[in-house]
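Please take the sequence and the coordinates together, and read them alongside the explanation given here.

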Amino acid sequence: MIAPHLLRNDLAAVCANLQRRGYSLDTATISALEKRRKEVQSECEKLRAQRNEKSRTIGIAKQNKEDASAMIAEVETINTRLTSADSDLEKIQSEFNALLLEIPNLLHDSVPDGKDESSNVEARRWSEPPQFDFTAQDHVALGEQLQLIDFPLAVKLTSARFVAMHGQIAQLHRALGQFMLNLHISQHGYREVYLPFMANTATLTGTGQLPKFEEDLFYAERDGLYLIPTAEVVVTNIVRDSIVAAEELPLKFVCHTPCFRREAGSYGRDTRGMLRQHQFEKVELVHISAPEDSYTALEELTANAEAVLQALKLPYRTVALCSGDIGFAAAKTYDIEVWLPGQDAYREISSCSNCEDFQARRMQGRMRRSGAKPEYLHTLNGSGIAVGRALIAVMENYQQADGSIVIPEVLRPYMNGAEAIRA
RNA sequence: GGAGAGAUGGCAGAGUGGUCGAAUGCGACGGACUUGAAAUCCGUUAAGGGCUUUACGGCUCUUCAAGGGUUCGAAUCCCUUUCUCUCCGCCA
């Protein structure tokens, strides 16, 4: 949520910033609404102040056993006017609020301009795509030959866009998650958390999935709960409705969860394989930081995610997303793209964002420096990294001519020492 | 799922219709005393919004789990919901 005072006092600047995203703000509606708000709210408060004052006088009169009926009649008149003014104000405020919740975050100055992903700016590149002296296969072909990835089974049990894995691929998948978690805990100073995989409306509103992106979520109607689309939702909401002491910052959390996404509107995209699934696992990194530290934190968080790929020796590049490609809640985002030989392309495997105070404002997440007023926190999140996609990357980058897959060294301890997966 | 008890400030805990945003204690902060500290004493100490001010600030509204109701007036009375605890049932 953008700071309401910016919308009141600096509408033109807000509008210009959002324009960079290709988002046009309805300034006429907003300023008209704001003008009425000011009038009606003043009226309400004036009436209420009068009523409070009169009621107090009535109380005193009654204690002195005096007749207060004239004053009581007066307050009744005030109340009639107040009721109507109040309902006007409520309408205006809920309209304003609904508008506010649907406006994306302001962009950081360093975000490059551009309409779509073609304008993203490469920040760095690590290692080189492997050269094969045979034709590289994708993970679907590799998994089928090994008989360890089973899409028909997932369809039978559930539906399309789900996957079933057997044996050593299932184990490799688990190994990846365990490895990432341990790396972040032991090397990068994160605290592991285990949280619910379902979340309520307030939680999803806090991070910005609701109200605008409800169609992307799985919803359990009987219980009013949503399956989380990312651990970011539950982890970031740890600080919802709380005031964190400045000395405790930054908070750095790592959390391994399944993620559930309906993928509405992406029907034609990435239908082959397990690149885009309704259910996938992810190790998520979250920083809760003081405002002045959040951009340093973004670099750190991104580097922590990159460290996973470096340890796995998977080639990647890091790009700064341009204004048109950046997500709703983020002020700045780096995507990390891993090399996939099966697609002969770099594909997103992590997205690291600084949301500044956008989410903190929605969820009333604040910090306090000693003696000072509470201030909004800055929240950051990033995949560290997507486990399902990491599995694809390992399979495709470590494939051999005979269709076997060498297990990256750092994962072998999690694989009972096995060095390769063969049919 | 059944029965009962609860939800008040950073924490503990009083408050059952009127000057209550709320006693008291703890904690925190400032000051006095002290070489320093402890102890003691004095003082300050909830959040959010609006209007106003160059600024210090001033005025005002809201908030005692949430929503609704009764009333001139609600932390206090009534209804609904949520959550917590205890007992029973079921369950990994």
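The paragraphs that follow go from the RNA-facing surface to the sheets, then to the nonpolar cores, and finally to two arginine residues.

The model is a predicted one, and its contacts with RNA strand B make a convenient starting point. This strand is surrounded by 24 residues, of which Arg8, Glu45, Arg48, Ile60 and Val75 are the closest. Sorted by character, the residues of the surface near RNA strand B comprise 12 charged, six polar and six nonpolar ones. Helix 3, helix 4 (69-101) and strand 12 (365-368) each supply at least two residues of this surface, and helix 3 gives the most, with 15 residues. On the side of the nucleic acid, sugar or phosphate accounts for 72% of the atoms of RNA strand B that lie within 4 Å of the protein, while the rest belong to bases.

Individual polar side-chain atoms can be followed in the same region. Arginine 37 places one such atom 2.8 Å from a sugar or linking oxygen of RNA strand B, and arginine 366 has a polar side-chain atom 2.9 Å from a sugar or linking oxygen of that strand. For asparagine 79, the partner of the polar side-chain atom is a phosphate oxygen of RNA strand B, at 3.2 Å.

Turning to the sheets, one finds an open sheet of three strands in the order 3-5-4, paired in the antiparallel sense. Its edges are formed by strand 3 (198-199) and strand 4 (219-220), each of which pairs on one side only. Two bridges join strand 4 to strand 5 (residues 225-227) in an antiparallel pairing, and tyrosine 219 stands opposite tyrosine 226 of strand 5.

Strand 8 (residues 279-289) offers a second case of antiparallel pairing. It pairs with strand 7 (residues 251-260) over 10 bridges, with leucine 251 and isoleucine 288 as bridge partners, and strand 8 also pairs with strand 14 (residues 378-386) in the antiparallel sense over seven bridges, where leucine 285 has glycine 382 as its partner. Strand 8 is mostly covered, since nine of its 11 residues are buried.

The largest nonpolar core contains 54 residues, and within it Leu176, Met180 and Ile421 touch the most other members. Helix 7 (residues 167-187) gives the most to this core, with eight residues. Apart from it lies another core, of 25 residues, among them Ala199, Val233, Phe253 and Cys255. Beyond four places along the sequence, isoleucine 421 has contacts that include Leu146, Leu148, Gln168, Ile169, Leu172 and Met415.

Two arginine residues allow a comparison of burial. Arginine 361 sits in helix 11 (residues 358-363), and it counts as buried because its relative accessibility is 12%, which falls under the 20% limit. Leaving out residues up to four places away in sequence, arginine 361 touches Met1, Ile2, Ala3, Pro4 and Tyr376.

Arginine 20, by contrast, is found in the loop between helix 2 (11-19) and helix 3 (27-63). Is arginine 20 buried or partly exposed? Its relative accessible area is 22%, so arginine 20 is partly exposed. With residues up to four places away in sequence again left out, its contacts include Leu107, His108, Asp109 and Val111, as well as Ser323 and Gly324. Between the C-alpha atoms of arginine 20 and aspartate 150, which are 130 residues apart along the chain, the separation is 44 Å.

Note on methods: Residues numbered from 1 in each chain as written. Chains lettered and ligands numbered in written order. Predicted model: local features only at pLDDT ≥ 70, side-chain atom pairs only at ≥ 80, totals over all residues. Heavy atoms only, no water. Helix = DSSP H or I, 4+ residues; strand = E, 2+ residues; numbered from the N terminus. Buried < 20%, exposed > 50% of the residue type's maximum accessible area, 1.4 Å probe, protein only. Contact = heavy atoms within 4.5 Å. Near = heavy atom within 4 Å. Polar contact = N/O pair within 3.5 Å; in protein donor to acceptor, adjacent residues only side chain to side chain. Nonpolar A, V, L, I, M, F, W, Y, C, P; charged D, E, K, R; others polar. Pairing = 2+ DSSP bridges. Core = buried A, V, L, I, M, F, W, Y, C linked by side-chain atoms within 4.5 Å.
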